Amino acid sequence: GGLMTLNEIKELLAGRITYFLEPYLQQLHHFSVDNAGNRLRVIGSTDDTTSGQYVLIRVYISEETRKMYISNTNLPDFMRHHGVGRKLVKIVYKAATELRYELFITPMTMAFYESMKKRGALQCEKPHMLKVVNSTMLD
């Protein structure tokens, strides 16, 4: 098969992420996918206020280096502690692997960083960046 275009990659990711989030969607007030440029942002809101708006996941895609970066997972309370962040990483990792991309996480919180490190994500030269590899436990 030929190489996928950036738009096809973003569509693939958006489709799989949306499908996975399906059970939570009816509890969200609003849900949207913003895929401008090299970024894919999945946004959910719990109400009409700005504080009720969450970037559920943000993925940056570098075609030149064949790398993807998950740079944000921010979940509303009702979605927390169900392994949603970890499963989102798994979905993106599976797609990245199929596309022969490497996947990195630049975690926002220390807790997520420590949790992913314990699960076998590899530390990089850059601080606060982890590489997801086959042995990373994402289930």
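Start by selecting Ser62, which sits in strand β3, a run covering residues 53-62. Keep in mind as you click around that this is a predicted model. Is Ser62 buried or exposed? With a relative accessibility of 7%, Ser62 falls under the 20% cut-off and so counts as buried. Show its contacts next: leaving aside residues up to four places away in sequence, Ser62 touches Lys67 and Tyr101.

**Along β3**

Now colour the whole of β3. Eight of its 10 residues are buried, so the strand is largely enclosed by the rest of the structure. Look to its partners. On one pairing, β2 and β3 run antiparallel and are joined by seven bridges; here you can pick out Arg39, standing opposite Tyr60 in β3. β3 also pairs with β4, again antiparallel, over five bridges. Stay on Tyr60 for a moment, as Tyr60 stands opposite Tyr69 in β4 too. Then hop to Arg58, whose bridge partner in β4 is Asn72.

Follow the chain from β3 into β4 and you go round a hairpin with four residues between the strands. Select Arg66 in that turn: its phi is positive, at about 55°.

**The whole sheet**

Zoom out and show every strand. Which order do they come in? It is an open sheet of seven strands, running β1-β2-β3-β4-β5-β7-β6, with mixed pairing. The edges are held by β1 and β6 (122-123); each has a single partner strand, so one side of each is left without a neighbour in the sheet.

While you're here, select Val132, which belongs to strand β7 (residues 130-132). Val132 is buried, with a relative accessible area of 2%. Skipping residues up to four places away in sequence, Val132 touches Val89, Tyr93, Leu103, Ile105 and Leu138. Try a distance, too: from C-alpha to C-alpha, Val132 and Arg119 are 9.5 Å apart, with 13 residues separating them in sequence.

**Helix α1**

Next, select residues 6-25, which make up helix α1. Where does α1 bend? Look at Tyr19, where the helix bends by about 40°, with a proline, Pro23, following within four residues.

Show the side chains of the buried residues of α1: Leu6, Ile9, Lys10, Leu13, Ala14, Ile17, Phe20, Leu21, Tyr24 and Leu25. Watch the spacing as you go along. An α-helix has 3.6 residues a turn, so residues three or four places apart point the same way. What do these buried residues pack against? Their neighbours are the strands β1 (30-34), β2 (39-45), β3 and β4 (67-72), together with helix α2 (84-98).

**The largest pocket**

For the last stop, turn on a surface and find the largest pocket, with a volume of about 450 Å³. To get to its centre, select Thr73, Leu75, Arg80, Gly85 and Phe112, the residues lying nearest to it among the 22 that line the pocket. Which elements contribute to the lining? β4, α2 and α3 (110-118) each supply at least two residues. Colour the lining by class and you should find nine nonpolar, 11 polar and two charged residues.

Conventions:
Residues numbered from 1 in each chain as written. Predicted model: local features only at pLDDT ≥ 70, side-chain atom pairs only at ≥ 80, totals over all residues. Heavy atoms only, no water. Buried < 20%, exposed > 50% of the residue type's maximum accessible area, 1.4 Å probe, protein only. Contact = heavy atoms within 4.5 Å. Bend = angle between axes of the 7 residues up to and from the residue. 1 Å grid on protein atoms, 1.4 Å probe; cavity = no way out; pocket = protein on both sides within 12 Å on 5 of 7 lines; lining within 4 Å. Points joined across faces, edges and corners; volume = space filled by probe spheres on them. Nonpolar A, V, L, I, M, F, W, Y, C, P; charged D, E, K, R; others polar. Pairing = 2+ DSSP bridges.
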